[in-house]
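I opened this notebook to record what I looked up in one structure. The topics are cysteines, salt bridges and the nonpolar surface.

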Amino acid sequence: MLAAFHPALRNGFVDYDDDQYVTANPHVQRGLAVESLRWAWASFDAANWHPITWMSHMLDWQLFGPRPAGHHATSLLLHLANTLLLFFLLDRATRSRLRSAAVALLFGVHPLHVESVAWVAERKDVLSTFFWLLTAWAYVRYVEAPRTARYAAVLLGLAVGLAAKPMLVTLPFTLLLLDVWPLERRGRPGMLLLEKLPLAGLSLVSCLITIAAQRAGQAIVPVNLISFPDRLANAAVACVAYLGKTLLPVGLAALYPHPRSALPAWEVAGAALLLIAITAVAIRLKRRAPYLAVGWLWYLGTLVPVVGLVQVGEQAMADRYTYVPLVGIFVIIAWGVPAALDAARVFGARGSSRSLALALLLVTPVLIGTSWARTLAWRDSVTLWQDETLKQPLSARAHYKLGFALAAAGRGAEAVRAYGRAIDLAPDYAEAYNNRGNLLGREGRDREALQDLDRAVALGPRAEAYNNRGIVRAHLGDHASAVEDFDRAIALKPDYGAAHGNRAVSLWKLGQYERAWSDVEESRRVGWEPPPAFLRALERASGRSG
């Protein structure tokens, strides 16, 4: 497992939520201080409520600071812990060591799990799954010897896991599946359901908090943008696509753009029929092969929160969403393949176990190599988004992100081209116009920059676009128009220190020294210090010291 993801230790942070979670988050960078802990438990930042995840990042920053290797090491160790926990859980519940090891091995090295492990901002995935598996372990111990203290441990594990990521809302359902197989609990179904009610109550509370957080962060896509039928269609296709990528993990990407209404009817119908057929077979064989029904329902059931029925973000699917669901598919493989070989008497007595071990020996190096290569794609922002534009050449978002990464790396000319490609694909991409205009202005191409920034502000009032256009107008000597732009930027974002500082410069050029000093003071108040040369010039012109 370590061999598959070891390159992550040499990877950096990437421009894909890592800033929000770590590199530009002042709360995280204060470490486990009382003020930061209070923020973590009260915050809806990142359109989520996950205080345990915030605390994990705080601890990492306290230990490692801005050095990414330590942050990656924590995620890697959590994935290793999850792999071992999964093995011990299945081994204890099934008493089948080889098959449990097969599930854990596939879980530990599969390329679809690279995103969860190699992306620092996705710490919530490996962290919440750690508590998921601990909770399932506590549940197995409770079933072996039902006691109040052991049930309390199950409740506590679920509560902590939900505070790391709300993905655990389906955990009570998976415990019911474990009751069917491998625990084979013979109690009345009503009693088993009643036993899960406190757990379901925790899940319901988590759902309500999550919806509130996502609404507060404006992360939920309204149905007028992506209709419910389109969401259902994409969900069916995504469930089948995940299966395909499990068996043949190629073309993995960080972003899979949502097709909206562009999915062909035949593809949707085919995916739906395949899912219905597999479900029917699994249910029909539930007595003879209970692992098949349990594994399949585990896969489908744990995908429900992330399959897009409540659409959050612009993705059609995401590799990270398979981190827990694929456990069900790996169970089907580990138990189903030997059972099928035994039924066909292909290898004779006990031959199926040996064949499973041999198959793992053949498949594992391929999976490790693929995971290694995929982990390298997360090395830095430029590498990640270059890979993404190769995988998704028609994604305007991918080209925009590449432009941003190239600009941050000082590769302005390439960034301009990347933004241009994003605009070609999405002519109303305001952020791309703004960023390209900003770069063109820095290169002294003021007229071209002005055209882009005019387009950016026409597409919507954005403080950054007004500020950037003001800078270009000031550079062209039109300080009166520049001040108007800075006024608009500050009206939209009152604590915009750079806009206050830039307006001060234009006001100085216009001879409005008192207003300029007011802006200087305001910019300092919000933590933005004007250039010393400008301050000296303003002092001389106004006859006062700063």
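The entries below follow that order, and the model I consulted is a predicted one.

Entry on cysteines. I searched for disulfides and found zero. I then asked why cysteine 207 has no bond to cysteine 239. The sulfur of cysteine 239 is the closest cysteine sulfur to that of cysteine 207, but it lies 18 Å away, too far for a bond, because a disulfide requires the sulfur atoms to be within 2.5 Å. I noted that cysteine 207 is partly exposed at 33% relative accessibility, whereas cysteine 239 is buried at 8%.

Entry on salt bridges. My search of the whole structure returned 35 salt bridges. I looked up three pairs by residue.

- Arginine 97 meets aspartate 91 at 3.1 Å, N to O; the arginine 97 side is exposed at 57%, and aspartate 91 is buried at 13%.
- Arginine 185 pairs with aspartate 179, with the closest N and O atoms 3.3 Å apart; arginine 185 is partly exposed at 22%, and aspartate 179 is buried at 2%.
- Arginine 473 meets aspartate 485 at 3.0 Å, N to O. This pair links helix H23 (residues 463-475) to helix H24 (residues 479-492), with the two residues 12 apart in the chain. Both arginine 473 and aspartate 485 are buried.

I also recorded a network of salt bridges that links Glu115, Glu122, Lys124, Asp125, Lys165 and Arg320.

Entry on the nonpolar surface. I found a nonpolar patch of about 410 Å², made by Leu358, Leu361, Leu362 and Val363. Within this patch I checked leucine 361, which lies in helix H17 (residues 351-376) and is exposed, with a relative accessible area of 62%.

Methods. Residues are numbered from 1 along each chain as its sequence is written. This is a predicted model: local features need pLDDT of at least 70, side-chain atom pairs count only at pLDDT 80 or more; totals for chains, interfaces and linings use all residues. Side-chain values use heavy atoms; hydrogens and water are left out. Buried means under 20% relative accessible area, exposed over 50%, partly exposed in between (1.4 Å probe, protein chains only). Patches are made of residues with over 30% relative accessible area and no salt bridge: like charges are joined within 9 Å, nonpolar side chains (Val, Leu, Ile, Met, Phe, Trp, Tyr) within 5 Å. Accessible areas come from the Shrake-Rupley method with a 1.4 Å probe; for residues, only the protein chains shown count as cover. A salt bridge is a side-chain nitrogen of Lys or Arg within 4 Å of a carboxyl oxygen of Asp or Glu. Helices (H or I, at least four residues) and strands (E, at least two) are DSSP runs, numbered from the N terminus.
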